[in-house]
Amino acid sequence: MARWRRTPTEAWAPGGERLTDVHARVVPGLDAILTELASAGRPGSIHAPQVSGYRDPDAPSDQPWTILVGHDGVFKVVLCTLFGLPLDRFWMWSSELCGISVIELRAGRPVVRALNLTEHLAALRDEEAVDEAEARSRSGAL
């Protein structure tokens, strides 16, 4: 694990994929998505998002968007690719289980709008905390 953290392109988890293999698998799919988004609507500008009305139900429908769902390792490779970073920067991104990130394209350039949001999980965490407190009180533990 320590070697993978230091040199992620030279080491990987036992039974896992090399980052270069993940990258080779991810890039064609990412290219297809980016091509489809670019051809489906206005490109926006560096000052305005391509999908300016995604929260507005009355916004024009010619502003495309997409959702990607995947494992954190794949998403980190996507981020490195979008931002033109080498794969050895893999660990600069943090991903929590079920975290949500929003990457916006402005004139074809990626912009981080949100990274690793977990607020939507608060109710689950609260439920777990209540369950743990109740279990402790039943057991007599402090």
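**Figure 1. Buried residues of α3 pack against α2, β1 (100–106) and β2 (109–117).** This is a predicted model: local features need pLDDT of at least 70, side-chain atom pairs count only at pLDDT 80 or more, and totals for chains, interfaces and linings use all residues. Residues are numbered from 1 along each chain as its sequence is written, and side-chain values use heavy atoms, with hydrogens and water left out. Helices (H or I, at least four residues) and strands (E, at least two) are DSSP runs, numbered from the N terminus. Contact means heavy atoms within 4.5 Å. Lys76, Val77, Val78, Leu79, Cys80 and Leu82 are the buried residues of α3. Buried means under 20% relative accessible area, exposed over 50%, partly exposed in between (1.4 Å probe, protein chains only). Gly84, just after α3, has a positive phi of about 65°.

**Figure 2. Asp72 and Lys76 form a salt bridge.** A salt bridge is a side-chain nitrogen of Lys or Arg within 4 Å of a carboxyl oxygen of Asp or Glu. Here the N to O distance is 3.9 Å. Both residues sit in helix α3 (residues 72–82), four residues apart, so about one helical turn separates them. An α-helix has 3.6 residues a turn, so residues three or four places apart point the same way. Asp72 is partly exposed at 40% relative accessibility. Lys76 is buried at 4%.

**Figure 3. Glu104, Arg106 and Arg113 belong to one salt-bridge network.** Side chains of opposite charge can pair when their charged atoms come close. Arg106 meets Glu104 at 2.8 Å, N to O. Arg113 also forms a salt bridge with Glu104, and the closest N and O atoms are 2.8 Å apart. Glu104 is buried, with a relative accessible area of 7%. Arg106 counts as buried too, at 18%. Arg113 is partly exposed, at 42%. The structure holds five salt bridges.

**Figure 4. Trp65, Ile67 and Val69 make a nonpolar surface patch.** The patch covers about 420 Å². Patches are made of residues with over 30% relative accessible area and no salt bridge: like charges are joined within 9 Å, nonpolar side chains (Val, Leu, Ile, Met, Phe, Trp, Tyr) within 5 Å. Ile67 lies in the loop between α2 (19–40) and α3. Its relative accessible area is 61%, so Ile67 counts as exposed.

**Figure 5. Residues from α2 and α3 help line the second largest pocket.** The pocket holds about 180 Å³ of space. Its lining consists of Trp4, Trp12, Ala13, Gly16, Glu17, Leu19, Val22, His71, Gly73, Val74 and Phe90. α2 and α3 each supply at least two of these residues. On a 1 Å grid over the protein atoms alone, a pocket is an open set of points with protein on both sides within 12 Å along at least five of seven lines, and lining residues have an atom within 4 Å of a point.

**Figure 6. The protein has four helices and two strands.** From the N terminus, the elements run α-α-α-β-β-α. Of the 142 residues, 23% are buried. Among contacts between residues at least 6 apart in sequence, 45% join residues at least 24 apart. The protein exposes about 9,900 Å², and carbon and sulfur atoms supply 56% of it. Accessible areas come from the Shrake-Rupley method with a 1.4 Å probe.

Terms used. 1 Å grid on protein atoms, 1.4 Å probe; cavity = no way out; pocket = protein on both sides within 12 Å on 5 of 7 lines; lining within 4 Å. Points joined across faces, edges and corners; volume = space filled by probe spheres on them.
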